[in-house]
Amino acid sequence: MSLAIVTISEEGLKVAERLESSLGEGVDLFLPEKLYQAKPHTKPFSQGIRALVEDIFDKYDGMIFIMALGIVVRAVAPHIKDKLSDPAVVAVDDAGRFAISVLSGHEGGANELALKVANALHGEAVITTGTEAKKDIIVGIGC
């Protein structure tokens with residue numbers, strides 16, 4: 001799965017660096033020029049988030065935004081086409097506590113991606129898809 005991680009803050013960069021090593025190959029990290037560090041698979045951007053999303057929305061299987069959910073929704077909204085073709089979109093808060101499945105949850109893999117991100121960050125996945133959000137997991141000690 002090709003993934004783009006996008007962040008706009010120093011706090012988000014710290015989360016992105018923790019996450020990047022856990023996700024393996026095929027991950028590109030997009031940073032504003034002021035935060036850019038010359039590393040493999042790290043790409044600077046100077047335009048705003050909306051322009052960046054316009055450039056990369058159809059180029060990745062999944063997109064992880066480490067920023068406020070409202071910014072993510074406004075950035076991806078003009079590009080949404082269909083749950084079968086849109087990339088998986090996950091929003092993560094700047095502290096890495098919550099990974100929210102935003103777009104293409106079940107069909108596009110965002111629910112699975114949110115779980116993977118939450119596990120990597122030792123955070124919590126937020127999944128609202130009715131068929132997947134109500135699963136109970138019981139952990140106990142056998143008799």
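This is a short briefing on the fold, the packing and a few individual residues of the structure above.

It's a predicted model, so local features need pLDDT of at least 70 and side-chain atom pairs count only at pLDDT 80 or more, while totals for chains, interfaces and linings use all residues. Residues are numbered from 1 along each chain as its sequence is written, and side-chain values use heavy atoms, with hydrogens and water left out. Helices (H or I, at least four residues) and strands (E, at least two) are DSSP runs, numbered from the N terminus. The centrepiece here is an open sheet of 7 strands with mixed pairing.

**The sheet**

- Reading across, the strand order is E3-E2-E1-E4-E5-E6-E7; two strands pair if DSSP finds at least two bridges between them.
- Strand E3 (42-45) and strand E7 (124-126) sit at the edges with a single partner strand each, so one side of each has no neighbour in the sheet.
- On average, neighbouring strands are turned by 25° against each other, direction ignored; axes are lines fitted to C-alpha atoms, for helices over the stretch in contact, and angles run from 0 to 180 degrees between N-to-C directions.
- Helix H2 packs on this sheet and touches strand E1 (3-7), E2, E3 and E4, where contact means heavy atoms within 4.5 Å. The direction of H2 makes about 175° with that of E1.

**Strand E5 and its partners**

- As general background, strands of a sheet pair through backbone hydrogen bonds, either parallel or antiparallel.
- E4 and E5 run parallel and are joined by 5 bridges, with Phe65 standing opposite Ala91 in E5.
- On the other pairing, strand E5 (residues 88-92) meets strand E6 (residues 98-103) in the antiparallel sense over 4 bridges; Val89 has Leu103 in E6 as its bridge partner.
- E5 is mostly covered, with 5 of its 5 residues buried. Buried means under 20% relative accessible area, exposed over 50%, and partly exposed in between (1.4 Å probe, protein chains only).
- Ala88, Val90 and Val92 point one way from E5, and Val89 and Ala91 the other way. That fits the usual pattern: in a regular strand the side chains alternate between the two faces of the sheet.

**Helix H4**

- The 12 residues of H4 (residues 110-121) should span 16 Å at 1.5 Å a residue, and the end C-alpha atoms are indeed 16 Å apart. The expected span is 1.5 Å times one less than the number of residues.
- Ala110, Asn111, Leu113, Ala114, Val117, Ala118 and Leu121 are the buried residues of H4. Seen down the axis, they fall within an arc of 160°, so they line one face of the helix; the arc is that of the directions from the helix axis to the C-beta atoms.
- Glu112 and Asn119, on the other side of H4, are exposed.

**One aromatic pair**

- Rings of Phe, Tyr and Trp (its six-membered ring) pair if their centres lie within 6.5 Å; planes under 30 degrees apart count as stacked, over 60 as edge-to-face and the rest as tilted. By this rule the count is 1 aromatic pair.
- Phe30 and Tyr60 have ring centres 6.0 Å apart and planes at 90°, so the pair is edge-to-face.
- Phe30 belongs to strand E2 (residues 27-32) and Tyr60 to the loop between helix H2 (49-56) and strand E4 (62-66), so the pair ties together parts 30 residues apart in sequence. Both Phe30 and Tyr60 are buried.

**Residues to click on**

- Val15 lies in helix H1 (residues 10-23) and is buried, at 2% relative accessible area. Its contacts, leaving aside neighbours within four places in sequence, are Ile66, Val92, Asp93, Asp94, Ala95, Gly96 and Leu121. The C-alpha atoms of Val15 and Ala95 are separated by 6.9 Å although the two are 80 residues apart along the chain.
- Asp93, in the loop between E5 and E6, is buried with a relative accessible area of 17%. With the same neighbours left aside, Asp93 is in contact with Val15, Ile66 and Phe98.
- Thr42 lies in strand E3 and is buried at 9% relative accessible area.

**Positive phi**

- Ser104 has phi near 60° without being a glycine; Ser104 lies in the loop between E6 and H4 and is buried at 8%.
- His122 isn't a glycine either, and has a positive phi of about 55°. His122 comes just after H4 and counts as exposed at 76% relative accessibility.
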